[in-house]
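Here are my notes on this model, set out point by point. Please read them with the structure open.

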Amino acid sequence: RGIWGGGITVLSLLYGCKQIGRLGWGAVNGNATAIQSRWRTYRARTEYTRAISGAISLQALVRGRSQRREYLQSRRRRRNEGAATIQSRWRAWIAHTDYAFATWGIVRIQSV
């Protein structure tokens, strides 16, 4: 098999050139067309593969950045929720102790 995978080799081209006189230029044109067709197919396939790999790489970059941003936002949200919970419990404890001291003072004054 030749370079382009279709059985066209340099020897077959030389043999084709020797046969020009006997077969005419139609055979040579056919061989040239086959070579050009294989070359264009190879080139198109490699360009397509390169374009697809570039698109996949770009897609991976975009998805990775999106996932990192989402992760950082969720971490920030959890941290803020934890801070709000601590603040709420602290305020509740302060309110409870203020109320307890106030009622203790009122009961103490009324008992005198």
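1. Arg-75 comes first. This is a predicted model, and in it Arg-75 is partly exposed, with a relative accessible area of 37%. That value lies between the 20% limit for buried and the 50% limit for exposed, hence the label "partly exposed". Arg-75 sits in helix H3, which covers residues 25-111.

2. Which residues gather with Arg-75 in a patch of positive charge? They are Arg-76, Arg-77, Arg-78 and Arg-79. The patch lies on the surface. A residue needs over 30% relative accessible area to join a patch, and Arg-75 has 37%.

3. There is also a nonpolar patch on the surface. Tyr-48, Ile-52 and Ile-56 make it, and its area is about 320 Å². Of these residues, Ile-56 can be placed in helix H3.

4. Next, the aromatic side chains. The count of aromatic pairs comes to two. One of them is Trp-39 with Tyr-42: the ring centres are 5.6 Å apart and the planes meet at 35 degrees, so this pair is tilted. The angle falls between the 30 degrees that bounds stacked pairs and the 60 degrees that bounds edge-to-face pairs.

5. Where do Trp-39 and Tyr-42 lie? Both are in helix H3, three residues apart, or about one turn of the helix. Trp-39 is partly exposed at a relative accessible area of 40%. Tyr-42 is partly exposed too, at 45%.

6. Now the chain as a whole. Its secondary structure comes to three helices and zero strands. Along the sequence the pattern reads α-α-α.

7. What share of the 112 residues is buried? Buried residues make up 7%. The chain exposes about 10,100 Å², and carbon and sulfur atoms supply 60% of that area.

Terms used: Residues numbered from 1 in each chain as written. Predicted model: local features only at pLDDT ≥ 70, side-chain atom pairs only at ≥ 80, totals over all residues. Heavy atoms only, no water. Patch = residues over 30% accessible without salt bridge, like charges linked within 9 Å, V, L, I, M, F, W, Y side chains within 5 Å. Areas by Shrake-Rupley, 256 points an atom, 1.4 Å probe, with all protein chains shown as cover. Salt bridge = Lys/Arg side-chain N within 4 Å of Asp/Glu carboxyl O. Lys, Arg positive; Asp, Glu negative; His and termini not counted. Charge placed at Lys NZ, Arg CZ, Asp CG, Glu CD. Helix = DSSP H or I, 4+ residues; strand = E, 2+ residues; numbered from the N terminus. Buried < 20%, exposed > 50% of the residue type's maximum accessible area, 1.4 Å probe, protein only. Phe/Tyr/Trp six-rings, centres within 6.5 Å; stacked < 30°, edge-to-face > 60°.
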